[in-house]
Amino acid sequence: AYTNEYMFGLPNEKAFPVGTRIVGYKPVHCPMPSLVREFDRAWVDEMARRSADVEVVDSDGTDSELQALGALFEAHVNEVPLGLWKDAAHLAWRYRGWPEGPYRCLLARRGGELVGALVYRLGWMGQPIVPLVDWIGPGGDASAIAGLLARVGEITLQAGGQKLETWVTPGASIRPTLSEHGLFHQDSLFNLCIMVYSELFDLPWAIDNWVLTMGDSDIY
């Protein structure tokens, strides 16, 4: 039998005080941290230079690619002490429709081997930003991540976008890599909170180890 030990949400400015005082929300990251980059051609070219050993292509969302993405996630699941399990079924449920739908996916390969992936969308709520909603693969693979950033940056420039934004919790392995590539911290508009239903659930551990992306919510 399965039990629900916790649930989470991202209450806005009005819901946060009511939820924490009355409903029982436990603050985790308030506000939720973002990494952002307002960029230009020079930055895109620098990311391309840092990823010379990587080929980045558009995903077509086939079942075989979804299976490969799920396998890549599982191969590095040790980097996600607490978070959503992103197998092929989850990825199909959450993002199926790329490239026709709002979500698109980039695949990074080195020597023909899949080493990283990025799910993104062009624009959000009428704003000229490109949310980087999900990362799959090892967070420390600097050249693969640079290649994904170079490609999404190129696409963003062509589309008239001005800013990349992603959610990266403090304990996520990809955070230092993205920082090294020139993304910087900015508080988001949202607060990550949790409701705990089990006495065995360790909230301080969860705060330190939770890996959450934009794609884990229905906001982006």
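A residue counts as buried under 20% relative accessible area and as exposed over 50%, and as partly exposed in between. The exercises below apply this to a predicted model.

**Exercise 1. Classify methionine 125 and aspartate 216 as buried or exposed, and describe the setting of each.**

Solution.
1. Methionine 125 has 67% relative accessibility, so it counts as exposed.
2. This residue is found in the loop that lies between strand 7 and strand 8.
3. Its backbone deserves a remark: phi of methionine 125 is near 55°, a positive value in a residue other than glycine. Most residues other than glycine have a negative phi.
4. Aspartate 216 has 11% relative accessibility and therefore counts as buried.
5. Aspartate 216 belongs to the segment after helix 7 (203-209). Residues up to four places away in sequence being left out, aspartate 216 touches Phe8, Leu84, Lys86 and Val211.

**Exercise 2. Determine the strand order of the open sheet and identify the strands at its edges.**

Solution.
1. The open sheet is formed by seven strands in the order 4-6-7-8-9-3-10, with mixed pairing.
2. Strand 4 (55-58) and strand 10 (184-187) each have a single partner strand and stand at the edges, so one side of each is left without a neighbour in the sheet.
3. On average, neighbouring strands of the sheet are turned by 35° against each other, direction ignored.
4. At one edge, strand 4 runs antiparallel to strand 6 (residues 103-110), and four bridges join the two. Glutamate 55 stands opposite arginine 109 of strand 6.

**Exercise 3. Establish why helix 4 is described as largely enclosed.**

Solution.
1. Helix 4 has eight residues, and six of them are buried, so the helix is largely enclosed by the rest of the structure.
2. The buried residues are Ala88, His90, Leu91, Ala92, Arg94 and Tyr95.
3. These buried residues pack against helix 3 (63-75), strand 5 (96-99), strand 6, strand 7 and strand 8.
4. Helix 4 (residues 88-95) lies across strand 6, strand 7 (113-121) and strand 8 (129-136), and runs at about 165° to strand 8.
5. Just after helix 4, glycine 97 adopts a positive phi of about 125°.

**Exercise 4. Describe the largest nonpolar core and the surroundings of leucine 132.**

Solution.
1. The largest nonpolar core has 63 residues. The residues with the most contacts inside this core are Leu69, Leu132, Trp135, Leu149 and Leu178.
2. Helix 5 (residues 142-159) gives the most to the core, namely eight residues.
3. Apart from neighbours within four places in sequence, leucine 132 is in contact with Leu118, Val119, Tyr120, Leu149, Val152, Leu164, Glu165, Thr166 and Met214.

**Exercise 5. Classify the ring pair of phenylalanine 39 and tryptophan 43, and place it among the aromatic features.**

Solution.
1. The structure contains ten aromatic pairs.
2. In the pair of phenylalanine 39 and tryptophan 43, the ring centres are 5.5 Å apart and the planes stand at 50°, so the pair is tilted.
3. Both phenylalanine 39 and tryptophan 43 are buried.
4. One aromatic cluster is formed by Tyr6, Phe8, Phe201 and Trp210.
5. A charge also meets a ring: the charged end of arginine 121 sits over the ring of tyrosine 103, 5.4 Å from its centre.

**Exercise 6. Locate the cis peptide bond that precedes proline 31.**

Solution.
1. The bond runs from cysteine 30 to proline 31 and is cis, with omega near 0°.
2. Proline 31 lies in the loop that separates strand 2 (26-29) from strand 3 (33-38).
3. For comparison, most peptide bonds are trans.

Key
Residues are numbered from 1 along each chain as its sequence is written. This is a predicted model: local features need pLDDT of at least 70, side-chain atom pairs count only at pLDDT 80 or more; totals for chains, interfaces and linings use all residues. Side-chain values use heavy atoms; hydrogens and water are left out. A nonpolar core is a set of buried Ala, Val, Leu, Ile, Met, Phe, Trp, Tyr and Cys residues joined through side-chain atoms within 4.5 Å. Buried means under 20% relative accessible area, exposed over 50%, partly exposed in between (1.4 Å probe, protein chains only). Contact means heavy atoms within 4.5 Å. Rings of Phe, Tyr and Trp (its six-membered ring) pair if their centres lie within 6.5 Å; planes under 30 degrees apart count as stacked, over 60 as edge-to-face and the rest as tilted. A charge sits over a ring if NZ of Lys or CZ of Arg is within 6 Å of the ring centre and within 35 degrees of the ring normal. Two strands pair if DSSP finds at least two bridges between them. Axes are lines fitted to C-alpha atoms, for helices over the stretch in contact, and angles run from 0 to 180 degrees between N-to-C directions.
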